[in-house]
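Q: Please take a close look at one part with me, beginning at the tail end of the chain and then working back into the body. I would like a connected account that a structural biologist can follow on screen.

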Amino acid sequence: MPMIAPLADLAGRILIAILFLYDGYVKIFSYNELARFMLDFGVPTFLAPVVIVAEIGLALLLVAGWQTRIVAFLIGGYCVLTALIFHTAWDQGLELVMFLKNLAIAGGLGAFVANGAGPWSLDRLQGRR
């Protein structure tokens with residue numbers, strides 16, 4: 001049993017990060033569609049590169065467990081913002097599910113904000129809890 005908690009912490013960080021790594025990768029190769037999508041919702045397209053770098057960079061930091069509480073807070077905030085901006089047309093197909101998914105991910109990240117990354121992390125190696 002003693003190895004379950006560290007493994008669960010690491011697995012949780014990896015599983016959440018996979019979504020953002022994949023999404024960032026897709027955004028790189030569909031940049032024009034991303035820009036149009038953002039414009040459709042009134043979001044300035046100069047933020048597109050910021051979004052891509054944030055998704056990939058923060059996901060990698062989450063996996064590594066570096067500055068985990070801050071990183072989890074930033075990604076969680078990003079999830080809430082994207083839910084509120086892009087997924088409020090709940091009468092259109094899966095938009096309500098997407099909205100709730102984003103809130104659920106933010107909630108899961110809240111556990112890392114509260115508890116840190118766990119023992120298998122750069123935070124722990126650097127003496128942070």
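A: Let's begin with Gly-127, which lies in the segment after α6 (122–125); helices here are DSSP runs of H or I with at least four residues, strands are runs of E with at least two, and both are numbered from the N terminus. Please keep in mind that this is a predicted model, in which local features need pLDDT of at least 70, side-chain atom pairs count only at pLDDT 80 or more, and totals for chains, interfaces and linings use all residues. Residues are numbered from 1 along each chain as its sequence is written, and side-chain values use heavy atoms, with hydrogens and water left out.

Gly-127 counts as exposed because its relative accessibility is 62%; the cut-offs are under 20% relative accessible area for buried and over 50% for exposed, with partly exposed in between (1.4 Å probe, protein chains only). From Gly-127 to Gly-42 the C-alpha distance is 43 Å, across 85 residues of sequence. To set that against the whole, the C-alpha trace of the protein chain spans about 50 × 30 × 20 Å along its principal axes.

The chain as a whole has 6 helices and 0 strands, so its elements read α-α-α-α-α-α from the N terminus on. Of its 129 residues, 33% are buried. Contacts (heavy atoms within 4.5 Å) with a separation of 6 or more come to 69% from residues 24 or more positions apart.

Gly-42, at the other end of that C-alpha distance, is a good place to step into the body of the model. Gly-42 sits just after α2 and takes a positive phi of about 75°. Within α2 (residues 31–40), the buried residues are Leu-34, Ala-35 and Met-38. These three are on the same side of α2 because they cover an arc of only 100° around the axis, the arc being that of the directions from the helix axis to the C-beta atoms. Asn-32, Leu-39 and Asp-40 are exposed on the other side of α2. The buried residues of α2 are covered by elements that include α1 (4–29), α3 and α4.

Around this helix there is also some aromatic company. A search of the whole structure finds 6 aromatic pairs. Rings of Phe, Tyr and Trp (its six-membered ring) pair if their centres lie within 6.5 Å; planes under 30 degrees apart count as stacked, over 60 as edge-to-face and the rest as tilted. One of the pairs joins Phe-37 and Phe-41, which are tilted, with 5.0 Å from centre to centre and 55° between the planes. Phe-37 is partly exposed because its relative accessible area is 37%, and Phe-41 is partly exposed with 37% as well. Phe-86 joins Phe-37 and Phe-41 in one aromatic cluster.

Phe-86 leads on to the largest pocket, which holds about 700 Å³ of space. A pocket, on a 1 Å grid over the protein atoms alone, is an open set of points where a 1.4 Å probe fits, with protein on both sides within 12 Å along at least five of seven lines; lining residues have an atom within 4 Å of a point. Grid points are joined across faces, edges and corners, and the volume is the space filled by probe spheres set on the points. The lining has 27 residues, and the closest to the pocket centre are Lys-27, Glu-55, Tyr-78, Thr-82 and Phe-86. Two or more lining residues come from each of α1, α2, α3, α4 and α5, and α4 gives the most, with 6 residues. By kind, the lining divides into 18 nonpolar, 4 polar and 5 charged residues (Ala, Val, Leu, Ile, Met, Phe, Trp, Tyr, Cys and Pro count as nonpolar, Asp, Glu, Lys and Arg as charged, and the others, Gly among them, as polar).

Now follow α4 itself. Gln-67 is in the loop between α3 (48–64) and α4 (68–86); its phi is near 50°, a positive value in a residue other than glycine. Gln-67 counts as partly exposed because its relative accessibility is 22%. Leu-74 is found in helix α4 and is partly exposed, with a relative accessible area of 43%. The C-alpha atoms of Leu-74 and Ala-106 are separated by 9.5 Å, with their positions 32 residues apart along the chain.

We can finish in helix α5 (residues 95–115), where Gly-110 has its place. Gly-110 counts as partly exposed because its relative accessibility is 30%. Its C-alpha is 14 Å from that of Ala-17, 93 residues away in sequence.
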